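Dear colleague,

I am handing over the structure below, together with an account of what was found in it. Please read the notes with the model open beside them.

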Amino acid sequence: MDLTEDTVPLVRTALKELLRPYAAAGPLVGVSCIAEGSDALFAEAVLAAGGRLTAVIPSRDYRRRAVRPGHAARFDRLVEASDDVVVIPEESAGRAAYDAANALLLERADRLVAVWNGEPPTGKGGGTADVVVAAREKGIPVDVVWPDRARRKS
C-alpha cells in the first residue's frame, strides 16, 4: 500500500519479468487478496501473463469497510476477472480476517511472490514480512521482488 509513485512501475516490470517463465512453463494461477498496492499489481501481472487469478477476500464486509474509494474500481475489476473468489467466513475486516486470508493464501501457494524490502516483522502481525516468515517456515519457496531504487512512502 505504501509504495512510492516512482516505485510502482519498477515493481510492475519486475513482476512481469518474474512471472514470464512460470507462465511459459504451464498453467499459471496467482492467489491474491488484491489489496491496494503490491497485491493488486501482482494480480494484474498474473492476468497480463495469461494466468488465472484466485481472489481471497478477507471478510464478508471487506469491500465495504476496507477498500478505499480510490481502489474500489480496480478491486472490483480484479474480482470480476478472477476465476475463483474465496471469501473468508469472517464478518468483519480486521486482524483475524487478514490472518485467515494470509493462511489460506499460503495453503494454496506452491511459492510466494513477495514485494518486500526485507525489513523484519514489526510485531503487529499481518505484514508482508510475517507472511514471508510463515511461508519459509512451511518450506514454501519465496520470490522476493524489490527492484533497485524501490522505496516506500515515509
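Contact here means that heavy atoms lie within 4.5 Å, and with that cut-off in mind, leaving aside neighbours within four places in sequence, Ala-40 is in contact with Ile-34, Ala-35, His-71, Arg-74 and Leu-78. Please keep in mind throughout that this is a predicted model.

Ala-40 has its place in helix α2, which covers residues 38-48, and Ala-40 is buried, with a relative accessible area of 0%. One of its contacts, Arg-74, is 34 residues away from Ala-40 in sequence, while the C-alpha to C-alpha distance between the two is 8.0 Å. Another of those partners, His-71, is found in helix α4, residues 69-81, and His-71 too is buried, at a relative accessible area of 3%. When neighbours within four places in sequence are again left aside, His-71 is in contact with Ile-34, Ala-35, Glu-36 and Ala-40, and Ile-34 and Ala-35 also appear among the contacts of Ala-40.

The aromatic residues come next. A search of the whole structure finds two aromatic pairs. In one of them, the rings of Tyr-62 and Phe-75 have their centres 5.8 Å apart and their planes at 45 degrees, so the pair is tilted. This pair links distant parts of the chain, with Tyr-62 in helix α3 (residues 62-66) and Phe-75 in helix α4, 13 residues apart. Tyr-62 counts as buried at 6% relative accessibility, and Phe-75 is buried as well, with a relative accessible area of 3%. In the other pair, the rings of Tyr-62 and Tyr-98 have their centres 6.3 Å apart and their planes at 85 degrees, so that pair is edge-to-face. Here too distant parts of the chain are linked, since Tyr-62 lies in helix α3 and Tyr-98 in helix α5, 36 residues apart. Tyr-98, at 27% relative accessibility, counts as partly exposed. Taken together, the ring pairs link Tyr-62, Phe-75 and Tyr-98 into a cluster.

Turning to the strands, β4 (residues 112-115) and β5 (residues 142-145) pair in the parallel sense over four bridges, and within this pairing Val-142 in β5 is the bridge partner of Leu-112. Together with helix α6, residues 128-137, these two strands make a right-handed β-α-β unit.

Leu-112 leads on to the nonpolar cores. Which residues of the largest nonpolar core touch the most other members? Of its 18 residues, they are Val-56, Leu-106 and Leu-112, and α5 (95-108), β4 and α6 each supply at least two residues of this core. Not counting residues up to four places away in sequence, Val-56 touches Val-31, Ser-32, Cys-33, Val-86, Ile-88, Ala-101 and Leu-104. Apart from the largest core lies another, of 14 residues, which has Val-11, Leu-18, Leu-19 and Leu-41 among its members.

With best wishes

Key:
Residues numbered from 1 in each chain as written. Predicted model: local features only at pLDDT ≥ 70, side-chain atom pairs only at ≥ 80, totals over all residues. Heavy atoms only, no water. Pairing = 2+ DSSP bridges. Right-handed = clockwise from strand over helix to strand, strands pointing away. Buried < 20%, exposed > 50% of the residue type's maximum accessible area, 1.4 Å probe, protein only. Core = buried A, V, L, I, M, F, W, Y, C linked by side-chain atoms within 4.5 Å. Phe/Tyr/Trp six-rings, centres within 6.5 Å; stacked < 30°, edge-to-face > 60°.
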